[in-house]
Amino acid sequence: MDGHQHGDTVVVDDKDPHFRRSQAAPARERVPGWGADLDPANRPAVPMERTPPRLEHWHPERPPEQPNRGVEVLHSVERPGLTPVYGTTSPPRGLSGMIRRAAFRYSENDMRHWMILLLADRVDVGEGILEDLAHGHVPNLWKEMGLASEWRHNRVGLVRKAMILGALVGVAVWALKQRDRRY
């Protein structure tokens with residue numbers, strides 16, 4: 001038992017998970033619904049449960065299609081057309097849009113599809129920063145990248161990342177200076 005002496009009494013930290021586990025009632029008594037599958041008469045869904053389940057709100061007809069207002073919508077090569085409902089708030093544009101179009105040439109079960117989409121997301125972030133700068137708005141990267149929260153909750157990790165980034169920038173600067181000396 002983790003604790004310390006205070007005179008004649010032993011003080012135990014009740015937040016210690018080992019203490020709580022040793023003092024707690026069995027799971028069956030403390031977790032509502034635990035073991036409900038042991039006795040069919042004790043199942044929470046009985047007598048409503050049914051096999052096969054009822055499909056009360058099932059509509060066999062296809063919902064009406066969303067009108068396309070001239071916005072480019074990328075869709076999977078596995079489907080012949082658009083789904084009835086789709087998003088149009090951020091259509092593909094710029095370099096990230098070109099990368100997204102390339103990703104949608106591949107099937108969704110192909111890893112290249114997803115890796116190219118991840119790359120497009122990163123490029124889109126860079127394009128957003130450049131667009132902000134072009135409009136005279138300097139982004140607050142400290143807040144927008146969550147660095148304040150990272151500093152508060154994972155200070156060691158943030159310092160480690162900063163040191164790695166600093167080392168990489170230092171190596172890049174050194175390599176560029178070496179290249180300039182050769183020419």
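Student: Which residue's side chain meets that of arginine 93 in a salt bridge?

Tutor: This is a predicted model, where local features need pLDDT of at least 70 and side-chain atom pairs count only at pLDDT 80 or more, while totals for chains, interfaces and linings use all residues. Residues are numbered from 1 along each chain as its sequence is written, and side-chain values use heavy atoms, without hydrogens and water. With a distance of 3.4 Å, N to O, the pair fits the definition of a side-chain nitrogen of Lys or Arg within 4 Å of a carboxyl oxygen of Asp or Glu. The partner of arginine 93 is glutamate 131.

Student: How many residues apart are arginine 93 and glutamate 131?

Tutor: Arginine 93 lies in the loop between H2 and H3, and glutamate 131 in helix H4. Helices here are DSSP runs (H or I, at least four residues), numbered from the N terminus. The pair links distant parts of the chain, and the separation is 38 residues.

Student: Is arginine 93 buried, partly exposed or exposed?

Tutor: Buried means under 20% relative accessible area and exposed over 50%, with partly exposed in between (1.4 Å probe, protein chains only). The value for arginine 93 is 45%, so the residue is partly exposed.

Student: At what angle do H3 and H4 pack?

Tutor: H3 covers residues 94–103, and its axis lies 8 Å from that of H4. Axes are lines fitted to C-alpha atoms over the stretch in contact (heavy atoms within 4.5 Å), and angles run from 0 to 180 degrees between N-to-C directions. The angle is about 175 degrees.

Student: How is H3 oriented to H4?

Tutor: Angles over 145 degrees count as roughly antiparallel. The angle of about 175 degrees therefore makes H3, relative to H4, roughly antiparallel.

Methods:
Helices (H or I, at least four residues) and strands (E, at least two) are DSSP runs, numbered from the N terminus. Angles under 35 degrees count as roughly parallel, over 145 as roughly antiparallel, 65 to 115 as roughly perpendicular and the rest as oblique.
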